[in-house]
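Colleague: I am new to reading models of this kind. Could we go through this one by question and answer?

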Amino acid sequence: MSRIGKAIITIPAGITVTEKDGVVTVKGPKGELTQELTEGITLEQNDGVLTFSRPSDSKQHRALHGLYRALINNMILGTAEGFTKKLELVGVGYRASHTGQKLELALGFSHGIVLELPKEVIIDTLTEKGKNPIITLTSHDKQLLGMVSAKIRSFRKPEPYKGKGVRFVGEIVRRKAGKSA
């Protein structure tokens, strides 16, 4: 049995979870999220506790059992508390600024990069003298937040020689030795 799939989810106060025709809707103070369930995976709600079950022990059902439990758990956590990701710009002259939902990046290219962010993602940029600029992304949707932060990181991934590029705060970049004389 899937260890993740059979774990129960306790629903915090202020969160409502409804299922209709295989679509699970989670509403909370931060927002509303929906997820479609695959045929066979069933959701049972009793006294503020969610449990998931599967029809058989086939490989496909075992995989989906844990997957949907994790997705619904992330939806509940997101609508209750929200998720945050921080990115750090390491490099001379690398800058980040935002106006509304537009993120403007200067990453050492001959042109600036402008990225239009979805309305579900809240952005904040912090630039302090002597420190690397930090981009803070906040959202109730963990999947969307991960996709947006991965897109920003893909503009200039950290390179292994000097470590320059866009990285997550706390990310460790493996460094290589340079040319040996």
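Modeller: The questions below take up a loop residue, a pocket, a hairpin and a sheet. This is a predicted model, in which local features need pLDDT of at least 70 and side-chain atom pairs count only at pLDDT 80 or more, while totals for chains, interfaces and linings use all residues. Residues are numbered from 1 along each chain as its sequence is written, and side-chain values use heavy atoms, with hydrogens and water left out.

Colleague: Is R54 buried or exposed?

Modeller: R54 sits in the loop between β6 (49–53) and α1 (59–80). Helices (H or I, at least four residues) and strands (E, at least two) are DSSP runs, numbered from the N terminus. Buried means under 20% relative accessible area, exposed over 50%, partly exposed in between (1.4 Å probe, protein chains only). R54 has 13% relative accessibility, so this residue counts as buried.

Colleague: With which side chain does R54 make a polar contact, apart from that of D57?

Modeller: A polar contact is a pair of N or O atoms within 3.5 Å; within protein, one must be able to donate a hydrogen and the other to accept it, and residues adjacent in sequence count only if both atoms are side-chain atoms. The side chains of R54 and D57 are joined by one of 2.9 Å. The other, also listed at 2.9 Å, joins the side chain of R54 to that of H65.

Colleague: Which residue stands opposite H98 in β9?

Modeller: Two strands pair if DSSP finds at least two bridges between them. Strands β8 (residues 95–99) and β9 (residues 102–106) run antiparallel and are joined by five bridges. Their hairpin has two residues between the strands, and G100 takes a positive phi near 65° there. Opposite H98 in β9 stands L103.

Colleague: Which are the edge strands of the open sheet with the order β1-β6-β5?

Modeller: Three strands form this open sheet, and the pairing is antiparallel. An edge strand here pairs on one side only, and the two are β1 (9–10) and β5 (42–46).

Colleague: What is the bridge partner of E44 in β6?

Modeller: β5 and β6 pair in the antiparallel sense, over five bridges. The bridge partner of E44 in β6 is T51.

Colleague: Which residues does G28 touch, not counting those up to four places away in sequence?

Modeller: G28 lies in the loop between β3 (23–27) and β4. At 21% relative accessibility, G28 counts as partly exposed. With contact meaning heavy atoms within 4.5 Å, the residues that G28 touches are G14, I15 and T79.
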